[in-house]
Amino acid sequence: MADTIPLKGQAAHGASRLAPGPQGRKPRPMFSSRNIMIYGALIFAAAYYLLPLYVMIVTSLKGMPEIRLGNIFSPPVEITFEPWVKAWATACTGLNCDGLSRGFWNSVRITIPSTIMSIAIASINGYALANWRFKGADLFFTILIVGAFIPYQVMIYPIVIVLREMGLYGSLTGLIIVHTIFGMPILTLLFRNYFSSLPEELFKAARIDGAGFWTIYFKIMLPMSLPIFVVAMILQITGIWNDFLFGVVFTRPEYYPMTVQLNNIVNSVQGVKEYNVNMAATILTGAVPLIVYFVSGRLFVRGIAAGAVKG
Amino acid sequence: MNNVSVSVRDLSLSFGAVTVLDTLNLDIQNGEFLVLLGASGCGKSTLLNCIAGLLDVTDGQIFIKDRNVTWEEPKDRGIGMVFQSYALYPQMTVERNLSFGLRVAKLPAAEIDKRVARAAEILQIQPLLKRKPSELSGGQRQRVAIGRALVRDVDVFLFDEPLSNLDAKLRSELRVEIKRLHQSLNNTMIYVTHDQIEALTLADRIAVMKSGVIQQLADPMTIYNFPENLFVAGFIGSPSMNFFRGEIKDRGGRKVIEVNGVDFGMEAYPARGPLETGRKVVLGVRPEHVKVDENVPGQEVHDAIVDIEEPMGADNLLWLKHAGQTMSVRIAGARRYAPGTALKISFDMSMASVFDAATENRI
Ligand SMILES: Nc1ncnc2c1ncn2[C@@H]1O[C@H](COP(=O)(O)OP(=O)(O)O)[C@@H](O)[C@H]1O
Ligand SMILES: [Mg+2]
C-alpha cells in the first residue's frame with residue numbers, strides 16, 4: 001500500500017504530491033489587450049448593423065411633429081402606435097387605401113403554396129436523382145443546374161407570353177407557378193446532395209424489404225430529412241416573401257404582394273412623407289422573414305440534432 | 001442441379017467503361033456457407049448486390065432455387081441482406097425495423113408479431129424491441145440487422161462485411177453467433193469479407209477474389225494448405241507465407257529447388273506434374289511448416305540466425321535470416337530464442353507450395 005500513487009481527489013495518506021508552482025488552469029486576465037480588441041470589434045460590428053433597426057423602431061413610434069425636430073436617434077418622447085395602425089390598415093397605395101393588410105394576405109397566398117409545391121417537387125426530384133439513377137439522370141441534372149445560372153431577367157418576357165397563352169397572366173396561380181419553377185434548380189441540388197449524403201445501404205435495405213419508390217420516399221427518406229426540409233423552407237419563404245420583381249411583373253395591382261405595396265406606400269408622391277408610417281410598414285413587411293428565422297432557426301438546430309443518427 | 005441454391009452464370013457487370021465482373025461463374029449449394037474473400041475494391045460487394053438484385057447485371061444470369069431471377073426485384077428473390085453499416089432505419093424502433101418489410105408486404109398482424117418474436121428470441125434482442133437504433137451498441141445494431149433478414153423467412157442470406165464496423169472482441173463474439181445461426185437454420189449464406197480469419201472460421205467454402213475474378217473456390221483447409229496460385233498463397237495466412245524464388249535443379253537424380261545456393265529437396269512435395277529441371281519457380285512455406293532445431297526426416301537442415309522475436313502468447317514468432325532473405329517461423333510459445341541466436345531449420349516440404357514463376361500457378 002505504501003507505494004501506491006495517490007489518485008486525484010483521493011486524499012491518500014494526507015500529503016499532496018503537487019510541487020509548488022503553476023498548477024491547474026492557466027489564469028487569463030479579463031481586460032487583456034487581446035480581449036479588448038476582440039470584444040471591441042464585435043460590439044462595433046453589432047452596433048453598425050443594429051443602428052438602422054433602432055432608428056426605424058424609434059421613428060415608427062413617434063408622431064410627425066416629433067420627427068420634424070430632426071433628432072433621429074433620440075427615443076420617442078410620446079410613444080404612439082398610430083403609424084403602425086395606419087401602415088397596416090389605412091395607408092394609401094395608389095388606388096386603394098386599405099394599408100398593407102391586402103398585400104400581406106396576398107403574400108401569404110403566394111408564399112405558402114409556392115413553398116409547399118416547390119419543396120414537394122424538388123425533394124422528389126432530388127430523391128430520384130440521388131437514389132434511383134434513372135437513365136438520363138445526369139443529363140437532366142445538368143440541364144437543371146444550368147438553369148440556375150441563367151439570369152432571371154432574360155426569362156421574364158418569355159414567361160409573360162407563356163402565362164398569357166395559358167390564361168394565367170396577372171393571376172396568383174401564375175405567380176405561384178413561376179416561383180415554384182424558379183425554386184427548382186437550387187432546391188433540387190440541395191435535396192439531391194442531402195439524399196446522396198444519407199447512407200446508400202439504408203436505401204438498399206429498404207429495397208430488399210420490398211419498399212418501392214414512394215414507400216421509401218415517405219417512410220424512410222422523409223423522416224430522416226427534417227433538417228433539410230427546414231433549410232429549404234427558410235430559403236423559399238424568405239426568398240418568395242422578399243420577391244419584388246416577379247410580383248410586380250406577373251400580377252395585377254389587386255394581387256400585389258406586400259413588398260410591392262410597401263414600395264407603393266413609401267414612394268407615393270401625394271402629400272407629406274410620413275416617415276413614421278413608412279418605417280412601420282417596412283418593419284411589418286420584414287417581420288415575416290424575421291419570424292421565420294427566429295422560429296425555424298431553433299427548429300433547425302433541433303432537427304439536426306434529431307436527424308444525427310449515425311450508422 | 002437440384003442441390004444448387006444460388007447459381008451465377010457468365011455474369012458480367014460494368015459501370016460505364018469499367019468492367020468490374022467479367023463472365024463470372026459460381027454455384028452455391030443448398031445450406032452452404034460461402035465466403036467471398038478479397039481485398040477492398042475487388043468486386044465482392046458488386047457480386048453480392050447483383051445476386052440481391054440491387055444492381056442490374058450487364059450480362060449473364062442468376063438463378064436462385066432453380067428460378068431465373070435475373071430480372072426480378074430484390075424482394076421477390078427470396079433473399080435477406082445484412083450490411084456493414086447496419087443500415088437500420090433510424091426513426092423506427094427495433095421492433096418496427098424488424099417488421100418493416102413484413103408490413104410493406106401486408107402480412108397479417110398476427111403473423112408479423114409471431115415472426116418478430118421468433119427472430120428476437122433467436123438473436124436475444126427481446127429487451128431492445130422498444131428502443132431506437134441510436135440507443136443500441138454496434139453489436140446490438142448488427143444483431144437487429146440480422147434479425148431483419150431473419151424475419152423475412154428466406155432461403156438465402158447475404159452478408160456484406162457485417163462485422164467490419166465492430167471492435168475486435170464483439171467481432172469474434174458475433175462471428176460465433178453467425179456460425180451458430182447457420183448451424184441451426186441451415187439456409188444458404190453468402191458472406192463477403194476482406195478478413196481472412198472470418199473466412200477461414202465461418203466458411204464451408206471460400207471463393208478468393210481478385211479484380212473481379214475468382215482465383216480459387218475450395219474449402220478453407222484446401223485454400224490454406226494448397227493455394228492454387230501465388231496470389232491466394234500470399235493473401236491467406238498471417239504472417240504471410242514465406243516465398244523463395246529459385247530454380248529446379250537435378251542433383252544426381254534428386255530434384256531440388258535451389259535458392260541462393262541453398263537446396264531444398266522435393267521428394268516430399270506433392271507435385272501435380274513433372275518438375276522439369278531449369279524451371280524457374282517460387283517456393284512457398286508457411287511459418288508453422290518450418291521446424292526449428294528438430295529435423296524433418298529426409299529433409300535438408302539449414303542454418304539460420306534469429307533476427308527478431310515476437311512472442312504472442314500461445315505462439316512465438318521468429319523472424320530469421322536465411323538463404324539471403326528474411327522469413328518467419330512459428331513455434332510453440334514456450335520456446336524462446338534471443339535475437340542473434342544461430343539455429344537449425346528444416347522445411348516440411350509435404351506442406352509446402354511451389355508455383356511457376358511465370359504463370360504463378362501451383363505446380
Ligand atoms: N456505382 C459505381 N460506379 C462506378 N464504379 C463502381 C461503383 N461501385 C463500385 N465500383 C467499382 O467497382 C469495383 C468493385 O467495387 P466493390 O464491389 O464495392 O468492391 P469490394 O466490395 O470488393 O470492396 C471498385 O473498383 C469500385 O471502384
Ligand atoms: Mg464492399
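**Figure 1. Gly333(B) sits in the loop between β18 (325-332) and β19 (342-347) of chain B.** Keep in mind that this is a predicted model. Is Gly333(B) buried or exposed? With a relative accessible area of 18%, Gly333(B) counts as buried, because buried means under 20%. So who are its neighbours? Leaving aside residues up to four places away in sequence, Gly333(B) touches Gly313(B), Ala314(B), Asp315(B) and Asn316(B). Take Gly313(B): along the chain, 20 residues separate it from Gly333(B), yet in space the two C-alpha atoms are 5.7 Å apart.

**Figure 2. Here is helix α4 of chain B, which runs over residues 138-150.** Try a quick ruler check on this one. The helix has 13 residues, and at 1.5 Å a residue it should span 18 Å. The C-alpha atoms at its two ends are 18 Å apart, so the model agrees with the expected value.

**Figure 3. This view shows what surrounds α4(B), a helix that is mostly covered.** How many of its 13 residues are buried? The count is 11. Among them are the glycines Gly139(B) and Gly147(B), the arginines Arg141(B), Arg143(B) and Arg148(B), and also Val144(B), Ile146(B) and Leu150(B). Which elements do the covering? One of them belongs to the other chain: α8 (200-208) of chain A. From chain B, the cover includes the helices α2 (94-104), α3 (109-123) and α5 (168-185), plus the strands β6 (79-82) and β7 (156-160).

**Figure 4. Five strands of chain B make an open sheet, in the order β13-β12-β11-β14-β20.** The pairing throughout is antiparallel. The edges belong to β13 and β20 (353-356), each of which pairs on one side only. Don't picture a flat board, though: neighbouring strands are turned against each other by 40° on average, ignoring direction. Further in, β11(B) and β14 (residues 280-285) of chain B are joined by six bridges. If you want a landmark there, look for Arg245(B), which stands opposite Val282(B) in β14(B).

**Figure 5. Zoom in on the hairpin formed by β11(B) and β12(B).** Strand β11 covers residues 242-251 and strand β12 covers residues 254-259; they run antiparallel, with five bridges joining them. By the turn, Arg251(B) has Arg254(B) as its bridge partner. Two residues lie between the strands, and Gly252(B) takes a positive phi near 65° in this hairpin.

**Figure 6. The next hairpin along is made by β12(B) and β13(B).** How many bridges pair β12(B) with β13 (residues 262-265) of chain B? Four, again in the antiparallel sense. One of the pairs to find is Val256(B) with its bridge partner Gly265(B) in β13(B). This hairpin has two residues between its strands, and here Asn260(B) is the residue with a positive phi, near 45°.

**Figure 7. Over in chain A, the view takes in domain 1 (26-80) and domain 2 (101-308).** The C-alpha centres of these two domains of chain A lie 34 Å apart. Where they meet, eight residues from domain 1 and eight residues from domain 2 take part in the contact.

**Figure 8. Last of all, here is how confident the predictor is about chain B and the complex.** Chain B has a mean pLDDT of 93, and 99% of its residues reach 70 or more. For the complex, the predictor gives an ipTM of 0.89 and a pTM of 0.85. As a rule of thumb, wherever pLDDT is low, predicted coordinates should not be read in detail.

Conventions. Residues numbered from 1 in each chain as written. Chains lettered and ligands numbered in written order. Predicted model: local features only at pLDDT ≥ 70, side-chain atom pairs only at ≥ 80, totals over all residues. Heavy atoms only, no water. Expected span 1.5 Å × (residues − 1). Buried < 20%, exposed > 50% of the residue type's maximum accessible area, 1.4 Å probe, protein only. Contact = heavy atoms within 4.5 Å. Pairing = 2+ DSSP bridges. Axes fitted to C-alpha atoms, helices over the stretch in contact; angles between N-to-C directions. pLDDT = per-residue confidence, 0-100. Domains from an automatic or database assignment.
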